[in-house]
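Got your viewer open? Load the model below and keep the selection box handy.

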Amino acid sequence: MGNNENSTANPNAWMFFADRSLLAAETLIDKVDLSGEVVFLSQQAVEKYFKAFLAKHKIFIKKTHDLTDLYSEVTKIKDCDLDEGMLQDLKGLYVESRYPCNVGFLEEGSLPTLEEAKSYLDFAKKVAGIIKSELEASNAG
């Protein structure tokens with residue numbers, strides 16, 4: 001397998017871990033001091049939902065955290081009409097919410113506000129709804 005993830009990975013396994021990331025973000029959302037963790041978990045949920053979708057369609061899954069690249073692969077199969085600005089922001093905040101950094105969206109030492117964290121969590125929930133609906137439809141057909 002090397003540096004690449006298995007293209008035949010079980011979509012249900014990706015969904016399991018995506019759901020856990022989303023649940024963890026929902027659990028932490030009211031804790032103002034953990035807004036960065038909420039953003040990170042929201043990013044992780046979106047990433048894993050995209051990978052579940054790709055796995056379901058037997059598309060090779062690159063080892064990446066780049067939501068815009070993953071979304072590009074998803075949209076080759078389904079137009080999800082997602083806010084690509086939100087994807088770009090989450091892509092940038094993925095590292096910045098976890099590690100000290102003086103480049104990018106966040107000023108040095110700052111974290112996303114609770115309001116920002118809630119908007120990213122809401123976005124992750126929207127992605128979850130779209131992907132789950134699509135996978136349920138493909139399971140029924």
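What follows is a walk through this predicted model, one selection at a time.

**Stop 1: helix 2**

Start by selecting residues 35-56, which make up helix 2. Colour by accessibility and you'll find this helix mostly covered, with 20 of its 22 residues buried. Now check the length from end to end. At 1.5 Å a residue, helix 2 should span 32 Å, and its end C-alpha atoms are indeed 32 Å apart.

**Stop 2: the core**

Next, bring up the largest nonpolar core, a set of 41 residues. Show side chains for Val46, Tyr49, Phe50, Leu82, Phe123, Val127 and Ile131, the members that touch the most others. Which elements give two or more residues to this core? They are helix 1 (11-28), helix 2, helix 3, helix 4 and helix 5 (114-140). Helix 2, where you just were, gives the most, with 12 residues. As a rule, nonpolar side chains in soluble globular proteins tend to be buried together.

Zoom in on Ile131 while you're here. Leaving aside residues up to four places away in sequence, Ile131 touches Met15, Tyr49, Phe50 and Phe53.

**Stop 3: helix 5**

Ile131 is also one of the buried residues of helix 5, so select that whole helix next. Its 27 residues reach 38 Å from first C-alpha to last, close to the 39 Å expected at 1.5 Å a residue. To see what it tucks away, pick out Ala117, Tyr120, Leu121, Phe123, Ala124, Val127, Ala128, Ile130, Ile131 and Leu135, the buried residues of helix 5.

**Stop 4: helix 3, end on**

Move to residues 67-75, which form helix 3, and highlight the buried ones: Leu67, Leu70, Tyr71 and Val74. Look down the axis. These four cover an arc of only 100 degrees, which puts them on the same side of helix 3. The spacing helps to explain the view: an α-helix has 3.6 residues a turn, so residues three or four places apart point the same way.

**Stop 5: the aromatic pairs**

How many aromatic pairs does a search of the whole structure find? It turns up 2. Go to Phe16 and Phe17 for an edge-to-face pair, with 5.0 Å centre to centre and 85 degrees between the planes. Is Phe16 fully covered or partly exposed? Phe16 counts as partly exposed, at 45% relative accessibility, and Phe17 is also partly exposed, at 44%.

The other stop is Phe50 with Tyr71, a stacked pair at 5.7 Å centre to centre and 25 degrees between the planes. Phe50 sits in helix 2 and Tyr71 in helix 3, so the pair ties together parts that are 21 residues apart in sequence. Phe50 is buried, with a relative accessible area of 0%, and Tyr71 counts as buried at 4%.

**Stop 6: two loop residues**

Finish with backbone angles. Most residues other than glycine have a negative phi. Select Lys58, just after helix 2, and check its phi: it is positive, at about 55 degrees, although this residue is not a glycine. Lys58 belongs to the loop between helix 2 and helix 3, and it is exposed, with a relative accessible area of 69%.

Then jump to Asp81, in the loop between helix 3 and helix 4 (84-96). Asp81 is another residue other than glycine with a positive phi, near 50 degrees. Buried or exposed? Asp81 is exposed, with a relative accessible area of 61%.

How values were computed. Residues are numbered from 1 along each chain as its sequence is written. This is a predicted model: local features need pLDDT of at least 70, side-chain atom pairs count only at pLDDT 80 or more; totals for chains, interfaces and linings use all residues. Side-chain values use heavy atoms; hydrogens and water are left out. Buried means under 20% relative accessible area, exposed over 50%, partly exposed in between (1.4 Å probe, protein chains only). The arc is that of the directions from the helix axis to the C-beta atoms. Rings of Phe, Tyr and Trp (its six-membered ring) pair if their centres lie within 6.5 Å; planes under 30 degrees apart count as stacked, over 60 as edge-to-face and the rest as tilted. The expected span of a helix is 1.5 Å times one less than its number of residues. A nonpolar core is a set of buried Ala, Val, Leu, Ile, Met, Phe, Trp, Tyr and Cys residues joined through side-chain atoms within 4.5 Å. Contact means heavy atoms within 4.5 Å.
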